[in-house]
Amino acid sequence: MSFYHGRESLPHRFRLVLLSVLQASGLPFSDVLTEGEIEDAFDEQESWFAQEDDDIFTPSLTLWAFLSQVLHKDEQRSCLAAVSRVIVLLVALGREPCANNNGAFCKARAKLPETVIERLAVRVADGCEKKIPKRWLWKHRHVKLADGTTVSMPDTPANQEVYPQQASQQEGLGFPVARMVVLMSLATAMVCGMAMGPYSGKETGELALMRQLMGHLDPHDILLTDRYFCSYFMIAMLLEMNVQLVSRLHHARQEDTYRIKRLGKHDYLVQWPRPAKPDWMDQATYDEMPESLTLRQIDVKVNQPGFRVDSLVVLTTLTDPREYSKDDMAELYHKRWLVELDIRAIKCTLGMDILRGQTPAMVRKEIWTCLLAYNLIRKTMLQAALDTDLSPRQLSFTSAMQTMAANWVVLPTQDEPTIALLIETAIGGLASQLVGNRPDRFEPRAVKRRPKPIRLLNMTRDEARESLRSGVDPYAKRK
């Protein structure tokens, strides 16, 4: 039985979270991630802290405050700022305010199970993916995008031990770095899965992390990736799962070496022989791998001025040219760039590029909370798009995030009619904030605004302080 049974106070209920993310019954996708499902996730992990009636930081209120940190930046992202929002909420609900310090909140936040936050984030993505209309799919097929990225975190001994800084940096002068691979939906732009590990070391590359995400792919899915994932054994494992691949040909492979049949102009069937066994694979698994793969290779000419390349080679397991024409494959690969924009929304708009967690456990928890917030924002965008017959990718993610942040504290404090009106107004307003239709946009990889001319720290901060104490400024200009 749920440990929330009988708790009617809003800070004890996960309805608090759902209201602030603009969710209410009757909306499309409203049955994806219900209050009961959130309670069940916490129950299964026996996350039973703060059960007394006068406890402030219950699991629901702690999660609410943690998510609020993601929607704000800079000073407003701090734990103390989150506590200030909690105080405003409690007073507005007619309850006694909590102490104006972050100690209790930080302890409660540490008790939130990472597995629960991950489960909720993935549940939102998977649930919405199953309910989207067919017109949002590519040829009625679900397409998943995969790509890698990195994040940095505070330079603490605990973080350095698990996620060491880059080897090229001197000790004490770098920041811990984690490598991530995300799996995203082409239709909804939601994160369906994420794997992370150290930036370097054995089995820490993007291919190794991608193998951890194979369970998030469903039969008949299409995986759309860049050339780094164009690997013989990756393709073989995908085909074993009945998952198709569309990728750019890896730069190390010769374009015309393995051609066996011409399907059309610049369109060929190729056959790859099985390479030698890699170190990470055991002999039994290697023996089960097919001795060769028959794939399709398409030479695509890029006629758009300003693009970095004038041609590329697309490799795919979709070998039937009658069902999937050459132009179809070129159009689909062109959409691969969307994953770059989605990752930019997560890292830049939501501010996940530089994390604040002081320990690896809190770093991972912070990442999954950010991805949960991202998926919940995308869910609201789906609702706005469905009501107005738009594609969700036509709507502005930044506008949706700002709308949710503006309503964060206000919504849970209102009566039911006002809540319904606020949610209707917020979701309706998202449909008016469209992104530009710029499928072939190109820009120079440069910025106009110059950084401030501050010298780089080339010794540890303790060493620099000691030098200053001795009367020598190591960064002073010398005549």
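The following paragraphs describe confidence, two helices, a pocket and several individual residues in a predicted model of a protein chain.

The mean pLDDT of the protein chain is 90, and 95% of the residues score at least 70. Among the helices and strands, the mean pLDDT is highest in strand S4, residues 222-225, at 98, and lowest in helix H16, residues 461-469, at 89. Residues 1-7 have a pLDDT below 50. This stretch nevertheless makes 21 contacts in the model beyond near neighbours in sequence.

Helix H6 comprises 18 residues, 114-131. Its first and last C-alpha atoms are 26 Å apart, close to the expected 26 Å at 1.5 Å a residue. The buried positions of H6 are Val116, Ile117, Leu120, Ala121, Val122, Val124, Ala125, Gly127, Cys128 and Glu129. An α-helix has 3.6 residues a turn, so residues three or four places apart point the same way. The buried residues of H6 pack against three helices, namely H2, H3 (59-70) and H13, and against strands S1, S2 and S3.

Helix H12 spans residues 338-349 and contains 12 residues. The distance from its first C-alpha to its last is 15 Å, close to the 16 Å expected at 1.5 Å a residue. Buried residues in H12 are Val339, Asp342, Ile343, Ala345, Ile346, Lys347 and Thr349; the list includes Asp342 and Lys347, which fall in the charged class. The packing partners of these buried residues are strands S1 (143-152), S2 (177-185) and S3 (191-198), together with helices H13 (360-388) and H14 (397-407). Strands S1, S2 and S3 and helix H13 thus appear among the partners of H12 and also among those of H6. Just after H12, Gly351 adopts a positive phi of about 70 degrees.

The second largest pocket encloses about 390 Å³ of space. Its lining consists of 23 residues, of which Gln23, Ala24, Ser25, Leu27 and Ile423 are the closest to the pocket centre. Helices H1 (15-20), H13 and H15 (416-430) each contribute at least two lining residues. H15 provides the largest share, with seven residues. Classified by residue type, the lining contains 11 nonpolar, seven polar and five charged residues.

Two residues in the loop between H1 and H2 have unusual backbone angles. Most residues other than glycine have a negative phi. Leu22 is not a glycine, yet its phi is positive, at about 65 degrees. Leu22 lies in the loop between H1 and helix H2 (35-44) and is buried, with a relative accessible area of 0%. Leu33 also has a positive phi, near 65 degrees, and is located in the loop between H1 and H2. With a relative accessibility of 4%, Leu33 falls under the 20% cut-off and therefore counts as buried.

Arg15 is situated in helix H1. Its relative accessibility is 22%, which lies between the 20% and 50% cut-offs, so Arg15 counts as partly exposed. Apart from residues up to four places away in sequence, Arg15 touches Leu10, Glu35, Glu416 and Ile419. Of these contacts, Glu35 belongs to the residue range of H2, whereas Glu416 and Ile419 belong to that of H15. The C-alpha atoms of Arg15 and Ala195 are 29 Å apart, with a sequence separation of 180 residues.

Leu224 is part of strand S4, the element with the highest mean pLDDT. A relative accessibility of 0% places Leu224 in the buried class. Leaving aside neighbours within four places in sequence, Leu224 contacts Val143, Lys144, Leu145, Ala146, Val246, Leu332, Tyr333, Lys335 and Arg336. Among them, Val143, Lys144, Leu145 and Ala146 fall within the range of S1. Leu224 is separated from Leu27 by 197 residues in sequence and by 31 Å between C-alpha atoms. Leu27 is one of the residues closest to the centre of the second largest pocket.

Lys111 is in helix H5, which covers residues 103-111. Lys111 and Trp48 are 63 residues apart in sequence, and their C-alpha atoms are 9.4 Å apart. Beyond residues up to four places away in sequence, Lys111 touches Ser47, Phe49 and Lys365; the last of these, Lys365, lies within the range of H13.

Technical notes: Residues numbered from 1 in each chain as written. Predicted model: local features only at pLDDT ≥ 70, side-chain atom pairs only at ≥ 80, totals over all residues. Heavy atoms only, no water. pLDDT = per-residue confidence, 0-100. Helix = DSSP H or I, 4+ residues; strand = E, 2+ residues; numbered from the N terminus. Contact = heavy atoms within 4.5 Å. Expected span 1.5 Å × (residues − 1). Buried < 20%, exposed > 50% of the residue type's maximum accessible area, 1.4 Å probe, protein only. 1 Å grid on protein atoms, 1.4 Å probe; cavity = no way out; pocket = protein on both sides within 12 Å on 5 of 7 lines; lining within 4 Å. Points joined across faces, edges and corners; volume = space filled by probe spheres on them.
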